[in-house]
Each structure stands twice: as structure tokens, then as C-alpha cells.
Amino acid sequence: MLITREELAAIKEQAAAEYPNECCGVILARGAERRHVPCRNVQDQMHARDPITFPRTARNAYYMDPIDALRLNRLADEGFAFAVIYHSHPNAGAYFSETDRGQALIKGEPAYPGAVYVVVSVVGREVKALAAYRWNAERRVFDRADTGDLDPAEPAVSRRLLAAAERRIPGGVNSPVRAFRSVGGEPRFVARAEGARLWDADGRAYLDFVGSWGPLVLGHAPRAVVEAVTAAAAGGTSYGAPTRQEVELAEAIATAYPSMELVRLVSSGTEAAMSAIRVARGATGRDLLVKFDGCYHGHADSLLVKAGSGGATFGIPDSRGVPSALAALTLTLPFNDLEAVRALFGARGSEIAALIVEPVAGNMGVVAPAPGFLAGLREVTAQHGALLIFDEVITGFRVAYGGAQELYGVRPDLTCLGKIIGGGLPVGAYGGRRDVMDHVAPLGGVYQAGTLSGNPLAVAAGLATLRALEDRKAYARLEALGARLERGLRDAADKAGIPFALNRVGSMLTGFFCAGPVRDYADAKTADTARYARFYHGMLDRGVYLAPSQFEAAFVSLAHGEDDLDHAARAAADAMAAAV
Ligand SMILES: Cc1ncc(COP(=O)(O)O)c(C=O)c1O
């Protein structure tokens, strides 16, 4: 335990009270005895008296009252040691910045080697985050101390909520992978989130790389999205009638995805993929569908065949309840195996309505398409009169503004979108060639509908998100952030001497605990999932929230800073060393 509950409460109170000024204080210990000395920041007075010697800049935001310095010296003389040194950052994250680190060292040596440095982030008089750092004598750097140690409370609230949830909700969760079954332990119940961080119901902060499984490319609660949703809600939450904003969203999508000549909005990725295959079957008059092992396209019956994501995690290739007659219409092949695709189409091409693929797989962990794979799929499907469906529910607006089809220069017949186009609210979309989409009701005979499709709140969130991305500058930054996290994770694995294969496309990545390379689902399954589980909990303990499964992507958002990625890398180095 680094801080007692009472000390923590007092620090939070002081930080909020002194906002927007920085606060500071020290907790000293002598054996079991502890003394808390909140120090006074006299920067305002000093600056008023002598603005030249005491400028007001980010680097000079704090001057300790000399009386407090004397009190600390006296306690040190009495045998008390500095146990905790804390300070606050107004309107910033709980980072131990380069300036902070510099000030904690004297000629490269820690001024108080045994002390823990606690940084408190305060925004608008509210404490948003706390983080603790301590000197690592071996590596000669300040490392993040466990958040678990910082807050002495057990995850009691999460535990209570889980017990209540399990009484009413299957497994206590509304989507299976949230239940932590593949990594063990108990899920954290989330209370709120902002930027790159989320807080659990027990008040612990985590640096988040799940990003709600992909939609939150701008981070949590970006102001533009929150304002757009709030304004939309004030105008009514749903009409069951068309709106101007739906047209704008469809237009924005079609502009970014020229292959989507007509677009239909739905409420989830599952609905988008399910509807796209119905349209493909309706348009071609054929029944067979081809998909790849480990690719997940939502939980519609025809698509829960050798799916990744929850299915891969639990080792359930098919779901019970899917009629075998229906599953028999879905043929599966290994991802990245163009020869297998050619052979299947050679044998049954005239019966195949469509081939559906995640152009960058994300649900067996991230697996990029081999060079020429997507172009090969385009060629083979066209040759046999089958439709090519790109499921860009994850990759859409993620790997490029125009998705994987822009990145790899391949034009599918139909595209499924979701996640980012809803900006964190429930939206999906499917669309494609006009002659194919002409089959959708009310134009054609393929029925598909939805009470809340094109919902005003979701459309507002989606439009606000796309507007923040449309100048495309974000993608260079996402690439740089992704590359930085990749480097950090690779270094961590190298240092720990762990076999590790990292796949990354832009801001989506997966580090597999196996030697690799990982090119398909069979390769992915060679990963050491028990080691991943140990690593996962090591990261969670260090305040980093990853997907609770080896077979998922980590997502970097525009709210992540370089500091965050470096923190994640340091945490990974420690967690991997412990997970050997
Ligand atoms: C590639 C892909 N397609 C479809 C879906 C289903 O989307 P949803 O969960 O919104 O129904 C997902 C969900 O993760 C996905 O990753």
C-alpha cells in the first residue's frame, strides 16, 4: 500500500481546492508512523513581488512556502523519510513529465530514492486521474508504480456489480468477451471515460487500448461528438422518418468509399454484414457464401461459422442454435490462401453468391492481407460472377479514411461499415454497386428494415467523428502512434526473451505470444494464451487496459499521447518480465 484511504482523500481535496494552481505535499514515514504535510504554493505571491525572478510559466508553476520546507526539514531531522511526494497538474493528464522527472533527480540520481511520486490530474476542480511513479534503480528510470497499490481499496464495487449482473444477465455481460473468460479474473465495471483513459467503478484509472472495440478513434468523449449528440438529443431522439443528417452521413461515406454508390444505414456491424449477404444472395440468385477461418462478421446465423473474436477465444467454431442446413451454405477457407480460393471457385464458383472478408483481419488478432491477396479475391470473384464483400466494420475510417479498399487499392462490390461511423453510438452501414443495391427494399425485393436505423443521435456522433477525420491528417499521426507502441512492445518482448510476433496496420495491432509469422487463424492459434492471460493481468495491474483476449486488436486513438505509449511500453516490459 502506497497511500492510506484517508491520505488519498486529503490529497484529492487539496488538489481540487487549489485548482487551477498546482498543489504539492509530502507524506513522511518513520516506521509505522506517518505524517502528511500539505505544502502551500506561494507562486502567486512571489510572482506579484518579483515577476522577473519568479516568472509564471509551465516550468515555474510552483514555489513552496519556505515555512513548509522548514517543517519538512525538521521532520527529516527527526528520522522521518519522504515516502510520498505528490503534486497536481491542472487540465492535464497524470503524467510524470520530463520536467517532473528532471526535478526529482540531482545530477542524475534520485533526490529521494525510496519515495513514490504521485501525480494528480485536476480538471475544473475535479480530480480526474492519479498515477504513481517510483525510481527503478536497475533500469535507472522512473517507472509507473501499480495503480493497485495507489488506491488501497479492493475492486469491491466491480465485484458487487458483477454479482448483481450475473443474477440477471447471462455471464453478467451483454457481449461475451467482456466477461474475461479467456484471461480469467473478474471484469472491471467502467464508470466513465475521457480521452485515452477510463475509470472503473472503484475509481481506478486505466490507459485504454480497447476503445470500445474500435469505434473511438478520437478517444473517449471527444468534445465535438458530445456536443453533437447533446444537441441532437435536444431535438428528439428518434422519428422513424428520414432526416437531412442521414443524407449527409450517407454522402460522407460515399465520398470516402467510391465503391459505395448507394448506402443503407443500420444499427450495428452485425446487421450490416447480415444484410449485405442477403442482398448478395438476392442479387445473384445463388445461396453459397465463402468466408475465412477466424474472420468475424457479427453473429448472424450464416456468419457464425469458424468466426474469430468470441468464437475463437472460446474455441467454438460454430454456435449452437445455428441450423446445420444454414451453416452448410457457408464455406470457409484459410485467410491469405489464394490458391485455396481459386480451387474452391474452380469447383463451385457458379453456386457462390459472395465472398466476404475482413480486408485486414482484426478478429483473430490483427493479420494483414498478404501482397496480392485482396486483388486476387477481386479477380476470382469477378471471374465467377460472385460478389466481393469487404467487411470494413473495423478497418473503415481506421486504416485510412477510405478504409482498406483505399489502402490496398481494391474495389469491392459491397462494403460493410460500423464502429467509427457511429462515433461510439450504434450505427452500421452497408452499400456498394448501384445495380446490386437496387435490389434492396423499397427499390427491390430484398427486405431489410430497422426501427432505429439512421437514428439522429448516432448519425450526429458519426458525422462529428468523420468531420474530425476528413482532412486525413489524423492518419499520419495514427500511424506514428501505432509505430511507437509497436516499438515499445517489441522491445519489451525482446528484453523478456519471449517469442512474440507483432502484426500492425496503422493504429490497430496485436502482439501474439508465439514465434510467428502469423498469417492466418491456424498461425494465430499457436499463441500461448496462458502467457497472454498473465501478461494481461500484469498490464491491468499497471493501469493499462487491453482486450481480455489474445485474439483481438489493440486500438490507438488520437487521444493517446507519446507519453501514454511510452508508459504502456514500460508497463509491458515489467508485465512481460513477470509473465515469462
Ligand atoms: C469485422 C467485423 N464485422 C462485424 C462486426 C459486428 O459488429 P457489431 O458488434 O457492431 O454487431 C464486428 C464486431 O466486432 C467486426 O469486427
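Helix α17 passes helix α20 in a right-handed crossing. In this predicted model, α17 covers residues 473–496 and α20 covers residues 562–579. Two packed helices are described by the angle between their axes and the distance between the axes. For α17 and α20 the angle is about 20° and the axes are 8 Å apart. Angles under 35 degrees count as roughly parallel, and α17 and α20 are therefore roughly parallel to each other.

The contact between these two helices can be followed residue by residue. On the side of α17, the participants are Leu481, Arg484, Leu485, Gly488, Leu489, Asp491, Ala492, Ala493, Lys495 and Ala496. They meet Glu562, Leu565, Asp566, Ala568, Ala569, Ala572, Ala573, Met576 and Ala577 of α20. Sorted by class, the residues in the contact of α17 with α20 comprise 13 nonpolar, 1 polar and 5 charged.

The domain layout gives these helices a setting. The chain is divided into domain 1, residues 5–150, domain 2, residues 156–221 together with 473–579, and domain 3, residues 244–469. Between the C-alpha centres of domain 1 and domain 3 there is a separation of 52 Å.

A second helix pair involves α16, which spans residues 456–469, and α7, which spans residues 223–234. Their axes come within 8 Å and cross at roughly 150°. Because angles over 145 degrees count as roughly antiparallel, that crossing makes α7 roughly antiparallel to α16. The crossing of α7 and α16 is right-handed. From α7, the contact draws on Ala224, Val225, Ala228, Val229, Ala232 and Ala233. Their partners in α16 are Pro456, Leu457, Ala460, Ala461, Leu463, Ala464, Thr465 and Ala468. The residues of this contact of α7 with α16 divide into 13 nonpolar, 1 polar and no charged.

Helix α16 also packs with helix α8, which runs through residues 244–256. Here the angle is about 40° and the axes are 9 Å apart, which makes α8 oblique to α16. The crossing of α8 with α16 is left-handed. Gln245, Glu246, Glu248, Leu249 and Ala252 of α8 make this contact with Pro456, Val459, Ala460, Gly462, Leu463 and Leu466 of α16. By class, the contact of α8 with α16 has 7 nonpolar, 2 polar and 2 charged residues. Pro456, Ala460 and Leu463 of α16 are thus named in the contact with α7 and also in the contact with α8.

Attention now turns to the ligand. It is surrounded by 17 residues, of which the closest are Ser268, Gly269, Thr270, Gly298 and Val393. Helix α9, residues 269–284, gives the most to this shell, contributing 3 residues. The shell around the ligand comprises 5 nonpolar, 10 polar and 2 charged residues.

Several backbone details in loops complete the account. The peptide bond from Tyr19 to Pro20 is cis, with omega near 10°. Pro20 is found in the loop between α1, residues 5–18, and β1, residues 24–30. A cis peptide bond also leads from Gly516 to Pro517, with omega near 0°. Pro517 has its place in the loop between β20, residues 508–512, and α18, residues 521–524.

Another backbone feature is found at Ser212, which has a positive phi of about 55° although it is not a glycine. Ser212 lies in the loop between β11, residues 205–208, and α7. The loop that holds Ser212 thus leads back to α7, the helix whose axis crosses that of α16 at roughly 150°.

Technical notes: Residues numbered from 1 in each chain as written. Predicted model: local features only at pLDDT ≥ 70, side-chain atom pairs only at ≥ 80, totals over all residues. Domains from an automatic or database assignment. Near = placed C-beta within 6 Å. Helix = DSSP H or I, 4+ residues; strand = E, 2+ residues; numbered from the N terminus. Nonpolar A, V, L, I, M, F, W, Y, C, P; charged D, E, K, R; others polar. Axes fitted to C-alpha atoms, helices over the stretch in contact; angles between N-to-C directions. Parallel < 35°, antiparallel > 145°, perpendicular 65-115°, else oblique. Left-handed = near helix turned anticlockwise from the far one by under 90°. Contact = placed C-beta atoms within 7 Å.
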